[in-house]
Amino acid sequence: MDWQNERDMLERLATLQKSTPPRKEFVESLRTVLEQETSRVGKRRRLFMNPLKAGMTAVVIASGFGLYIMAGLGQNELVDPQVTATSSPQLPAHPVYEQAKKLLQELAGRDASQYAVNGMLSNTERGHVVMNKTVNNIPVLEDQYIFTIDKAGRHHIKEIQTNDTTGMVFPDPKEAMPVKQAEQIFGQSARLLYSEGEGRLQYEFPFSGDIDAITGEIYPTERYHPDYSLVEMPPIPVKPGGIKLVAPDIEEADRLFREWGFEPPFSFVVHQGSGVHTYKVETRTKQKMELTVVTETGDILDYRYGNIHEKQEKLPHPKQENVQEAAKQFQKYLPLDTKELLLGSATRKGDIETYQFFKSHQGVQIMGGYTVHFDVDRKQVIGIIPPYAEESKPLPDKSMAMSREDATSVYVTHRPLKLVYKLIENPATGKIEPRLVYHIYYHDTPLYMVDALTGEWVRR
């Protein structure tokens, strides 16, 4: 299962949990998947980590996709760091901070004076304290100690990440552009989107990464939230049929695979999970597919086809006739009020192209797209993943939306850009060098948007 499909399925599971109160067993099943995903993502991010204690497990839970999903699973279980953490350089006294300073002294010795509490990344209510090395009173993100201290004062090390910066030249903060200029660069990424389930028009800020505070260059990082980018292609008019796309039993799954052009008879094996089950299917010609559905409703959560070993590649310019044919074949499953589709990202793996389709309103795309797998040789749709079904609400007029600049102002009020040093590889020399950047704390954990009509701070 590739990262794109894995991420999409986890998002759909999180949305399902949030929208429909589940049984306890279902929640526990989701947690298991998410914990595995969090651990895997954490391993990707430890480029410069140097553990100082043998046997220490470094777990990065304050970044990346894992916490974004877990925030959707239980907002009362995880406290929003922005609520309790201060962004002021003069942090108020707190027992948790004092305890962390003592622990740091024990571990770092005389070097402890080089480290300071990072209030933007710390959370006193959870006993989570991040202490970064500082240069020119600016934190170095890749050089830090992270402690977790419980209410009884007991503690355990969560992560130690240190780097030898001897001889490195750190840029002078006096050379940094004004923060307002960095905010303008950041704001250029804002996109206007409709949330059909909420009946809301909102701005999303998909850029995740850092802005060089001196040159304005953007250093993007992996995005752990949905990709709503569009391919340059005219809207596709459709004739919707309003048919619900579900597979509550083997008979319906059999019908779908026949409709998708696979040759029967099919061999079915059903793997039962907690709240979900997966049809593992093999055709007479040894083609393999998997279809994961919600047991109670039959709603499709994920679909995978097998026996293709080529690498998946982005497809920036798919053939318009293929896209239109794919839309024509699955349009009967679209809600009756759908008038047109917009094409989002497209990829290719072997002879299979995968398209993301979005409904639109007044020319603005609606969040929650359809994933359609299309065999370009046979001109046949071979799989569809619909968005999670939510009750539609009336959508506001886009002419009432605030400007991108005003939405950006709201966003950076809640998620301010902060000057930090990051260790980044210089492509010309291949060496790691410190860069002075404007960093967006907690941009992806979880994902936030701005209501385009009211300016409300919207959490997903």
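Colleague: How many bridges join β5 to strand β6?

Modeller: In this predicted model, β6 spans residues 200–204 and runs antiparallel to β5. One bridge partnership pairs Arg-191 with Glu-204 of β6. The number of bridges joining the two strands is five.

Colleague: Which are the edge strands of the open sheet?

Modeller: The sheet has four strands in the order β5-β6-β22-β23, with antiparallel pairing. An edge strand pairs on one side only, and this holds for two of them. They are β5 (191–195) and β23 (457–459).

Colleague: Which helix packs on the sheet, and what angle does its direction make with that of β22?

Modeller: The helix comprises residues 404–414 and touches β6, β22 (448–451) and β23. This is helix α9, and the angle is about 135°.

Colleague: Between which domains does the largest nonpolar core lie, and why?

Modeller: This core has 41 residues, and Phe-257, Trp-260, Leu-291, Tyr-303, Phe-330 and Phe-357 touch the most other members. In general, nonpolar side chains of soluble globular proteins tend to be buried together. Because both domains give residues to the core, it lies between domain 2 (177–242 + 312–459) and domain 3 (247–298).

Colleague: Which leucines does Phe-357 touch, not counting residues up to four places away in sequence?

Modeller: With those sequence neighbours left out, the contacts of Phe-357 include Ile-236, Val-323, Phe-330 and Tyr-370. The leucines in contact are Leu-341, Leu-342 and Leu-343.

Colleague: How many residues does the second, separate core have?

Modeller: Among its members are Ile-138, Val-364, Tyr-411 and Val-450. The size of this second core is 32 residues.

Technical notes
Residues are numbered from 1 along each chain as its sequence is written. This is a predicted model: local features need pLDDT of at least 70, side-chain atom pairs count only at pLDDT 80 or more; totals for chains, interfaces and linings use all residues. Side-chain values use heavy atoms; hydrogens and water are left out. Two strands pair if DSSP finds at least two bridges between them. Contact means heavy atoms within 4.5 Å. Axes are lines fitted to C-alpha atoms, for helices over the stretch in contact, and angles run from 0 to 180 degrees between N-to-C directions. A nonpolar core is a set of buried Ala, Val, Leu, Ile, Met, Phe, Trp, Tyr and Cys residues joined through side-chain atoms within 4.5 Å. Buried means under 20% relative accessible area, exposed over 50%, partly exposed in between (1.4 Å probe, protein chains only). Domain bounds come from an automatic or database domain assignment.
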